[in-house]
Amino acid sequence: MEKAIQFGAGNIGRGFIGYLLKNAGYDLVFADVFDQVIDKINKDKAYTIHVKDVENEDIRVENISAVNSTRDEVVREISEASIITTAVGPLNLVKIADKLASGITKRFEDKSEKYLNIIACENAIKASDSLKGYVYEKLDGDAKAYAEKFVGFPNCSVDRIVPPSKNENPLDVTVENYYEWNVEEAGFKGEVPQIEGMNLVGNLEAYIERKLFTLNTGHASTAYLGSLKGYGTIDESINDSEIEDKVRKIMQESGEALIAKFGFNREDHFAYIEKIIKRFKNPYLNDDVKRVGREPIRKLSINERFVKPINTALEYKLSIDNLLVGLAAGLHFRSEEDAQAKELEKDIEKLGLEKTIEKITEIKDQKIIDKIVEIYKNLSK
């Protein structure tokens, strides 16, 4: 049986990617930093995925194991694996690079000619490329040459809403029924694995930006506008008719940019937007606006869910008025549990709003900055 390692035994790891790997027949090993989770997995060797949607379903995932991703035990697992996936958060990819490099080095020293593919399943553009860069920094010349021949880093886009949930068994996870996992076929080394639920694509950029400009932009907009109105969850927020209308207009603006850039069918794409709004309204997920809105500095940065569609729309001389509302709402996001939210608040206090916008978004056009400032102030009223 081929071995798969899922870095990150959190909700996405257990409720989405890990399940697909196990369902494809892999010997699934979770790698995580929390001993409590690791011990529970190794004791129970199973958990249940609760699909909560129009139709509910319970899926049992069995015969699993776990190791600590910071200890040497994970290096042996890496040396034996056929596929490795991650769901650790984009900012944590650099933290797992050392052990991945050690595992690749061991494969080189063992003269293994078995191919390994590492897929970073993160909410970020070309996350696997980023992870590859971090790993290569820690490989010497011979090991790097070996990796170039035997280790692939296919980029991907992932889409499934998996909020934190309270279940009787802490390993159990609650998910929506919908999911999408698009992986660039050309990024694989060796034979491409056949995994049900993994969609192999050629032009991954179109899928990545479709998801970023639509789901991610709409999700964050709902969280930021909902937070401003005092709502606690995404479904509460989107069921406010004013927020629903604004979020729809935001996604339609980003959608026009996608249509111009990639030639998407407008009718199909706008139907996709409506499907996403329906997903946001799923009352069973109880998805916290603080979770969805977290890390606002990253989410308001140049290659992320607001500025990138804004710049793309501007490239094609399209409207950005509603996208600027989503961005301005993000500048209002506050959460005592989130380090970036607190840093954002401090920057606005110390640098002023205009300088903070320039610093975070890298927007240079003064007219656009002035519009964001104006919208921000109006949202404060």
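This report walks through two enclosed cavities, two buried residues and two loop lysines in a predicted model.

## The largest cavity

Let's start with the empty space inside. The structure holds two cavities of 30 Å³ or more, and the largest has a volume of about 70 Å³. Its lining is made up of Glu122, Asn123, Ala124, Ile125, Cys156, Ser157, Val158, Ile208, Lys211, Leu212 and Asn216.

Which elements chip in here? Strand 9 (156-159) and helix 7 (204-228) each bring at least two residues to the lining of the largest cavity. Helix 7 gives the most, with four residues. Sorted by class, the lining of this largest cavity comes out as six nonpolar, three polar and two charged residues.

## The second largest cavity

The second largest cavity encloses about 50 Å³ of space. Around it sit Ile161, His219, Ile234, Asp235, Arg279, Phe280, Asn282, Leu285, Asn286 and Asp287. Two helices each put at least two residues into this lining: helix 8 (234-238) and helix 10 (266-280).

As for chemistry, the lining of the second largest cavity splits into four nonpolar, three polar and three charged residues. Among the charged ones are Asp235, Arg279 and Asp287.

## Gln340 and its backbone partners

Next up is Gln340, which belongs to helix 15 (residues 339-351). Its relative accessible area is 14%, so Gln340 is buried, given that the cut-off for that label is under 20%.

What does the side chain of Gln340 do with its polar atoms? A polar atom of that side chain lies 3.0 Å from the backbone nitrogen of Ile297, and the backbone nitrogen of Arg298 lies 2.9 Å from a polar atom of the Gln340 side chain. Setting aside residues up to four places away in sequence, Gln340 touches Leu91, Glu295, Pro296, Ile297 and Arg298. Ile297 and Arg298 therefore turn up both as touching residues and as owners of those backbone nitrogens.

## Ala81, a buried loop residue

Ala81 sits in the loop between helix 3 (73-80) and strand 6 (83-86). Is this loop residue buried or exposed? Ala81 counts as buried because its relative accessibility is 0%.

Who surrounds it? Beyond its neighbours within four places in sequence, Ala81 is in contact with Lys3, Ile5, Arg107, Lys114, Tyr115 and Leu116. To tie this back to the cavities, pick Asn286, one of the residues lining the second largest cavity. Ala81 and Asn286 are 205 residues apart in sequence, and their C-alpha atoms are 36 Å apart in space.

## Two lysines with positive phi

If you like scanning backbone torsions, here are two lysines to look up. Lys45 has a positive phi of about 55° although it is not a glycine. Lys45 lies in the loop that runs between helix 2 (35-44) and strand 3 (46-51). With a relative accessible area of 40%, Lys45 is partly exposed.

The other one is Lys111, again not a glycine, with a positive phi near 60°. Lys111 is found in the loop between helix 4 (93-109) and strand 7 (116-120). Why does Lys111 count as exposed? Because its relative accessibility is 72%, and the exposed label applies over 50%.

How values were computed
Residues numbered from 1 in each chain as written. Predicted model: local features only at pLDDT ≥ 70, side-chain atom pairs only at ≥ 80, totals over all residues. Heavy atoms only, no water. Buried < 20%, exposed > 50% of the residue type's maximum accessible area, 1.4 Å probe, protein only. Contact = heavy atoms within 4.5 Å. Polar contact = N/O pair within 3.5 Å; in protein donor to acceptor, adjacent residues only side chain to side chain. 1 Å grid on protein atoms, 1.4 Å probe; cavity = no way out; pocket = protein on both sides within 12 Å on 5 of 7 lines; lining within 4 Å. Points joined across faces, edges and corners; volume = space filled by probe spheres on them.
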